[in-house]
Amino acid sequence: MYTDGACSGNPGPGGWGAVLMAGRHRKELFGGERETTNNRMEMMAVIRGAEALKRGCSVDIHTDSEYVMKGMTKWVAGWKKRDWRTAARQPVKNVDLWQRLEQALDRHEVNWYWVKGHSGVPENERADELARRGIP
């Protein structure tokens with residue numbers, strides 16, 4: 001799975017895109033919201049991609065969002081222990097999407113890979129195109 005989010009203004013209208021591949025099969029998804037942030041769209045791309053998987057599987061998620069990747073691999077466990085508060089005891093931003101993302105990925109074995117944005121990786125570039133298409 002390759003994912004990306006885009007926003008015209010931050011906040012502003014935004015879109016998300018995901019490219020799912022399994023063997024010869026390929027599925028492209030995109031959508032957007034009128035008033036959102038780039039981080040929320042990055043998260044929605046992974047959420048909607050994971051929700052589109054029909055059954056639990058091993059999934060490699062390629063994202064250019066350190067926010068999403070670090071959130072899921074490093075930060076979420078601590079946030080949950082602190083009742084969705086940061087180390088500084090502030091409410092976690094986008095908690096609704098973090099919880100939805102965690103639920104969407106729960107039945108899958110996930111491997112995370114960071115991809116440098118706009119670096120010529122074809123599927124990442126396509127996810128970016130889809131995210132821009134999703135901007136309302």
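The legends below walk through several views of a predicted model of one protein chain.

**Figure 1. The whole chain, with four helices and five strands.** Let us start with the overall picture. Reading from the N terminus, the elements follow the order β-β-β-α-β-α-α-β-α. The C-alpha trace extends about 45 × 35 × 25 Å along its principal axes. For 136 residues, a compact globule would have a radius of gyration near 14 Å, and the protein chain agrees with this at 14 Å. Buried residues account for 45% of the 136 residues. Take the contacts between residues at least 6 apart in sequence: 66% of these join residues at least 24 apart.

**Figure 2. The surface and charges of the protein chain.** About 7600 Å² of the protein chain is exposed, and carbon and sulfur atoms supply 47% of that area. The chain carries 22 positive and 18 negative charges, and the mean positions of the two sets are 3 Å apart.

**Figure 3. Helix H3 and what covers its buried residues.** Helix H3 takes in residues 95–105, and its buried residues are Leu97, Trp98, Leu101, Ala104 and Leu105. Looking down the axis of H3, these residues fall within an arc of 130°, so they line one face of the helix. What lies over them? The cover for the buried residues of H3 includes two helices, H1 (38–52) and H2 (66–81), along with two strands, E4 (58–63) and E5 (109–114).

**Figure 4. Thr36 in strand E3, and the loop with a cis peptide bond.** Strand E3 covers residues 25–36, and Thr36 belongs to it. Is Thr36 buried or exposed? Its relative accessibility is 3%, so Thr36 counts as buried, the cut-off being under 20%. Beyond its neighbours within four places in sequence, Thr36 is in contact with Cys7, Asn10, Pro11, Gly12, Pro13, Gly14 and Met41. Two of these contact partners, Asn10 and Pro11, are joined by a cis peptide bond with omega of about 15°. Pro11 sits in the loop between strand E1 (2–7) and strand E2 (12–22). For context, most peptide bonds are trans.

**Figure 5. Lys27, also a residue of strand E3.** Lys27 has a relative accessible area of 39% and is therefore partly exposed. Setting aside residues up to four places away in sequence, Lys27 touches Ala18, Val19 and Leu20. How far is Lys27 from Met1 in space? The two are 26 residues apart in sequence, and their C-alpha atoms are 9.5 Å apart.

**Figure 6. Asn124 and Asp128, two buried residues of helix H4.** Helix H4 consists of residues 122–134 and holds Asp128; Asn124 also lies in H4. Asn124 is buried at 2% relative accessibility, and Asp128 is buried with a relative accessible area of 9%. Which residues does Asn124 contact, leaving aside its neighbours within four places in sequence? They are Tyr2, Thr3, Asp4, Asp64, Val115, Lys116, Gly117 and His118. Asp128, with residues up to four places away not counted, touches Asp4 and His118. Asp4 and His118 thus appear in this view as partners of Asn124 and of Asp128. For a sense of distance, Asp128 and His25 are 103 residues apart in sequence, while their C-alpha atoms are 20 Å apart in space.

**Figure 7. Two loop residues with positive phi, Asp83 and His118.** Here is a look at the backbone. Most residues other than glycine have a negative phi. In Asp83, however, phi is positive, near 60°. Asp83 is placed in the loop between H2 and H3 and is exposed, with a relative accessible area of 62%. His118 also has a positive phi, near 55°. Where is His118 found? His118 belongs to the loop between E5 and H4. Its relative accessible area is 54%, so His118 counts as exposed, and yet His118 is in contact with the buried Asn124 of the previous view.

Notes:
Residues are numbered from 1 along each chain as its sequence is written. This is a predicted model: local features need pLDDT of at least 70, side-chain atom pairs count only at pLDDT 80 or more; totals for chains, interfaces and linings use all residues. Side-chain values use heavy atoms; hydrogens and water are left out. The radius of gyration is taken over C-alpha atoms; the globule rule is 2.2 Å times the number of residues to the power 0.38. Buried means under 20% relative accessible area, exposed over 50%, partly exposed in between (1.4 Å probe, protein chains only). Contact means heavy atoms within 4.5 Å. Accessible areas come from the Shrake-Rupley method with a 1.4 Å probe; for residues, only the protein chains shown count as cover. Lys and Arg count as positive and Asp and Glu as negative; His and the chain ends are not counted. The place of a charge is taken as NZ of Lys, CZ of Arg, CG of Asp or CD of Glu. The arc is that of the directions from the helix axis to the C-beta atoms.
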